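Biologist: I'd like to go through this model with you and ask about the labels as we go. Could you give me the reasoning behind each one?

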Amino acid sequence: MQPTLSTGADGLELRWPDGTVGDFPYIWLRDTDPSGFHPQTGERIFDLTKVPLDLVPHEIKVMHDALLVTWTAGATPSRFDLDWIKAHRPGQARHDPAELVPVAWKADLGKDGVPRHDADRVLDSDAALAAWLRDTKRYGLSIVTGLANSTEAGIALARRVGHLRETNFGLTFEVVSRPDPNNLAYTSDALPLHTDLTNQELPPGYQFLHCLANEAEGGGSTFCDGVAVAEDLRAGDPDAFALLTTLSVPFRFQDRHTDIRSRKTIITLDGRGAVCEICFNAHLADIVDLAPATLKPFYRAYQRFMAMTRDPAYGIALKLAGGEMVVFDNRRILHGREAFDPSTGFRHLHGCYVDRGEWDSRLRVLDRSPD
């Protein structure tokens, strides 16, 4: 049924029979006129500077399934489909299939609770791909099984999502023990929980680690949900939480060829106040350059967060087998590694990154036409 229309000096109101009310400022309607978007690309071509902010329409009508707004006498009216304008009324965010509520987890998830998906199904079926993408985004972590014993198999799975993210380590990288490492990942040492490349202006989104061999003693992979840790910190120590969401600290990576630096808060909140990112890497933390009066409160908060990430109540450990790939959100899930003895067997993981935007784009496109 049609809504009822009432007008005011700055905008109009539509009331639908189901109780939905929409308030539409005239400037919003003019800016949102469907004719102001390119018919093929969908990009906005309307020039906002061409109209006054206090414009008032010449005529407004609700007819059949559309709202018609005529801006000047004799001009072609702007036509808004009533169902469309109801769904997109101001204050109502556009539906986003990629906006999924995270499942915060702790140690009780266990290695058996990590979502698992079959590589062949993900590669062959859009429905299976979408299910894997959703599971991984909700938990921040998943394992794909049944990959072939080649680096190309892992790359093919990552490219099923989107473009690979290149870094100073290359488009892909090999996690093996090297005699001349430029990163702790390329040693056999234990790696405390961390997020990767905190020194980058935008740290990579999803990390893919394809296990080709894991025969050495030790070398288990460890994971912790940064969202769970941060939310518990918010509840138990709000002052520490506030400091880690507002004070930015420097991170740096350097070798013979690069010197990449950036500042980040340890915890990032979205516009609604929810934890949306963790940036935590004690090895890449540069000299803390905060004002002296701020240092002690910062270190107290930073140490508290660090200690929580190492609390067994939050972490899980698992040992990847050949043909398995762990995939996780690098800006949410902290990951690490137990030390291993390279003399007892070969350990080889092949990795790459795909940014969050690519992940979400694939979810949205798959939502248009299910398999």
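**Reading the labels**

Modeller: Let's start with Lys296, which is found in helix H8. Helices here are DSSP runs of H or I with at least four residues, strands are E runs with at least two, and both are numbered from the N terminus. This is a predicted model, so local features need pLDDT of at least 70 and side-chain atom pairs 80 or more, while totals for chains, interfaces and linings use all residues. Residues are numbered from 1 along each chain, and side-chain values use heavy atoms, leaving out hydrogens and water.

Biologist: Okay! Why is Lys296 called exposed?

Modeller: Its relative accessibility is 71%. Exposed means over 50%, buried means under 20%, and partly exposed is in between, using a 1.4 Å probe and protein chains only. So 71% puts Lys296 in the exposed class. As for where it sits, its C-alpha atom is 52 Å from that of Asp10, 286 residues away along the chain.

Biologist: And what makes Leu320 buried?

Modeller: Leu320 has a relative accessible area of 2%, which is under the 20% cut-off, so buried it is. Leu320 lies in the loop between strand E18 (315-318) and strand E19 (325-329). Setting aside neighbours within four places in sequence, Leu320 is in contact with Leu209, Cys211, Asn214, Ser221, Val326 and Leu349; contact means heavy atoms within 4.5 Å. The C-alpha atoms of Leu320 and Glu215 are 9.9 Å apart, with their positions 105 residues apart along the chain.

Biologist: His64 and Leu197 sit in loops too. Which of them is buried and which is exposed?

Modeller: His64 has a relative accessible area of 64%, so it passes the 50% mark and is exposed. Leu197 comes in at 6%, so it counts as buried. His64 is in the loop between E4 (59-63) and E5 (66-70), while Leu197 is in the loop between E10 (191-194) and E11 (206-214). His64 has a positive phi of about 55° without being a glycine, and Leu197 also has a positive phi of about 55°, again without being a glycine.

Biologist: Now the helices. Why are H7 and H8 called roughly perpendicular?

Modeller: The axes of H7 (residues 238-246) and H8 cross at roughly 100° and come within 9 Å. An axis is a line fitted to C-alpha atoms over the stretch in contact, and angles run from 0 to 180 degrees between N-to-C directions. Under 35 degrees is roughly parallel, over 145 roughly antiparallel, 65 to 115 roughly perpendicular, and the rest oblique. Since 100° falls in the 65 to 115 range, H7 and H8 are roughly perpendicular.

Biologist: What makes H6 and H8 oblique, then?

Modeller: H6 (residues 226-236) and H8 pack at about 130°, with axes 10 Å apart. That angle is in none of the three named ranges, so H6 is oblique to H8. In this pairing Val229, Ala230, Asp232 and Leu233 of H6 meet Arg304, Phe305, Met308 and Thr309 of H8. By class, that contact has five nonpolar, one polar and two charged residues. Ala, Val, Leu, Ile, Met, Phe, Trp, Tyr, Cys and Pro are nonpolar, Asp, Glu, Lys and Arg are charged, and the others, Gly among them, are polar.

Biologist: How do you know that H4 and H9 are oblique?

Modeller: H4 (residues 126-139) and H9 (residues 356-368) pack at about 135°, with axes 10 Å apart. That again lies outside the named ranges, so H4 is oblique to H9.

Biologist: Last one: what makes a group of residues a nonpolar core?

Modeller: Its members must be buried Ala, Val, Leu, Ile, Met, Phe, Trp, Tyr or Cys, joined through side-chain atoms within 4.5 Å. The largest one has 49 residues, and Phe223, Ile266, Ile267 and Phe305 have the most contacts inside it. Helix H8 gives the most to this core, with six residues. Phe305 touches residues including Val229, Leu244, Ile278 and Phe280. Another core lies apart from it, with 25 residues, among them Val122, Leu129, Trp132 and Ile155.

Biologist: And how much of the protein is buried?

Modeller: Buried residues make up 47% of its 371 residues. The protein has nine helices and 22 strands.
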